[in-house]
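Here are some worked exercises to try with the coordinates open in your viewer. Have a go at each task before you read the solution.

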Amino acid sequence: MAIKSFLLPLLLLPIELFSQANPKTVVLTFDDAPQSHYSFVAPILKQYGFSATFYVCEFPGVYPDSTISLNWRQVGVLNKMGFEIGNHTWHHKHVPKLKEQELVKELAYIEQKGDSLKIPKMTSFCYPAYVTDTLAVRVLKQRGYTNARTGNDRPYDPKKDDPFYIPSYTISKANKDLFYKALQDAKEGQVVVFCFHGVPDTPHPWVSTDPDTFKEYMKYLHDHHYRVIAMRDLLTP
C-alpha cells in the first residue's frame, strides 16, 4: 500500500523526537551530604544535563571530616553548578522527637548557612528517616517551604499526594532492581522521585550505591529520554 505523501516528513524524523514529545519525568534527590555527592555524583549529572536536589545536614559522627562529608564550600559550589540545595536539618534529627523551638533551630542553622553562601531560599525539605508529624508540616509552611519528601517506595501522584508528603524510592546496592521497577510502576501523570545517599556512602554502607551502577542508572535515564529535574521544578507549572 502506498504511503500517503503527508506522512513522509514524519517518517523521516528521528524516532527520538517522538519520545521527547511526551517526556517522562524523574526527580533525583540525594541525602545526608556525603563527600561523593560533590566528587562523583555532580559531575555525572552535569554530563547528562540533569538537575537534582541535594538535602544537606551536618551528619553527627561524619561532619566535619571532609574525606567523607561535604564541607560548606562544596555545598556552595553545588549551588553554583545549578543544583537545588534542600534542608535536611542541622543534625539529621527525627522531627517527631523535636519540640517546636528545637525544630526551628535545626532548620534555621541550615538556612543561615545557605544565606551566607548566597544559596537561594530553601523551599524543599527532606524528613530524616522519612518520619514526620503535623507540627513539622506546620513549621515548614510557616518558614516558606513548599514541599517535603518522605519515603514509602511508590510514585508521586500530583493529583492525590500532599506536597508535604511526597513519596520517593530509596535506591541502594541492596535493591538495584528497584530503580527499574520504579520507572515501570509510574502510571500516566505520576512522577518517580528517587532518593540516593552516597555513591558510595562510606559512613553508611547499608544505603550506599556502587559508582558503576549509578552510572548505569543515569545512562538509562538519558538514553530513554527522561526529563530529570529537581524538587523545586516538580511543583512549577
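**Exercise 1. Charge pairs and helical spacing**

Task: Work out how exposed D185 is, then find its salt-bridge partner.

Solution. Keep in mind that you're working with a predicted model.

- Step 1: D185 has 22% relative accessibility, so it counts as partly exposed.
- Step 2: The salt-bridge partner of D185 is K181, with the closest N and O atoms 3.0 Å apart.
- Step 3: K181 is partly exposed too, at 45% relative accessibility.
- Step 4: Now look at the spacing. Both residues sit in helix 7 (residues 176-185), and because they are four residues apart, about one helical turn separates D185 and K181.
- Step 5: The background is simple geometry: an α-helix has 3.6 residues a turn, so residues three or four places apart point the same way.

Task: Run the same analysis on K219 and its partner.

Solution.

- Step 1: K219 pairs with D223 in a salt bridge whose closest N and O atoms are 2.5 Å apart.
- Step 2: These residues belong to helix 8 (residues 211-223), and being four residues apart they are separated by about one helical turn.
- Step 3: K219 is partly exposed at 45% relative accessibility, and D223 is partly exposed at 36%.

Task: Which residue forms a salt bridge with D161, and is D161 buried or exposed?

Solution.

- Step 1: The partner is R154, with 2.9 Å between the closest N and O atoms.
- Step 2: D161 has a relative accessible area of 13%, so it is buried.
- Step 3: R154 comes out as partly exposed, at 34%.
- Step 4: For the full tally, the whole structure holds seven salt bridges.

**Exercise 2. Two cysteines and a distance test**

Task: Decide what C126 and C195 are doing, using the distance between their sulfurs.

Solution.

- Step 1: Searching the whole structure turns up zero disulfides.
- Step 2: For C126, the nearest cysteine sulfur is that of C195, 5.9 Å away.
- Step 3: A disulfide needs the two sulfur atoms within 2.5 Å, and C126 is in no disulfide.
- Step 4: Start from C195 instead and you land back on C126 as the nearest cysteine sulfur, again at 5.9 Å.
- Step 5: As for exposure, C126 is buried at 0% relative accessibility, and C195 is buried at 0% as well.

**Exercise 3. A polar side chain on the inside**

Task: Where does N87 sit, and which side chain does the side chain of N87 make a polar contact with?

Solution.

- Step 1: N87 lies in strand 3 (residues 84-87).
- Step 2: With a relative accessible area of 0%, N87 is buried.
- Step 3: The side chain of N87 makes a polar contact of 2.9 Å with the side chain of Y145.
- Step 4: A polar atom of the N87 side chain also lies 3.1 Å from the backbone oxygen of L107.
- Step 5: Leaving out neighbours within four places in sequence, the contacts of N87 include Y55, E106, M122 and C126.

**Exercise 4. The two faces of helix 6**

Task: List the buried residues of helix 6 and say what they pack against.

Solution.

- Step 1: In helix 6 (residues 134-142), the buried residues are A136, V137, V139 and L140.
- Step 2: Their arc around the axis is only 165°, which puts them on the same side of helix 6.
- Step 3: The buried residues of helix 6 pack against helix 5 (100-116), strand 4 (124-126) and strand 5 (147-152).
- Step 4: Turned away from that buried side is a face carrying the exposed residues T134 and Q142.
- Step 5: Just after helix 6, check G144 for a positive phi of about 90°.

**Exercise 5. Nonpolar cores**

Task: Which members of the largest nonpolar core touch the most other members?

Solution.

- Step 1: This core has 51 residues, and those touching the most other members are L28, L45, F194, F196, F214, M218 and L221.
- Step 2: Helix 3 (residues 36-48) gives the most to this core, five residues.
- Step 3: Zoom in on F196. Beyond its neighbours within four places in sequence, its contacts include L28, I171, F179, F214 and M218.
- Step 4: Another core, of 10 residues, lies apart from the largest one, and C126, Y156, I166 and M231 are among its members.

How values were computed. Residues are numbered from 1 along each chain as its sequence is written. This is a predicted model: local features need pLDDT of at least 70, side-chain atom pairs count only at pLDDT 80 or more; totals for chains, interfaces and linings use all residues. Side-chain values use heavy atoms; hydrogens and water are left out. Buried means under 20% relative accessible area, exposed over 50%, partly exposed in between (1.4 Å probe, protein chains only). Helices (H or I, at least four residues) and strands (E, at least two) are DSSP runs, numbered from the N terminus. A polar contact is a pair of N or O atoms within 3.5 Å; within protein, one must be able to donate a hydrogen and the other to accept it, and residues adjacent in sequence count only if both atoms are side-chain atoms. Contact means heavy atoms within 4.5 Å. The arc is that of the directions from the helix axis to the C-beta atoms. A salt bridge is a side-chain nitrogen of Lys or Arg within 4 Å of a carboxyl oxygen of Asp or Glu. A nonpolar core is a set of buried Ala, Val, Leu, Ile, Met, Phe, Trp, Tyr and Cys residues joined through side-chain atoms within 4.5 Å.
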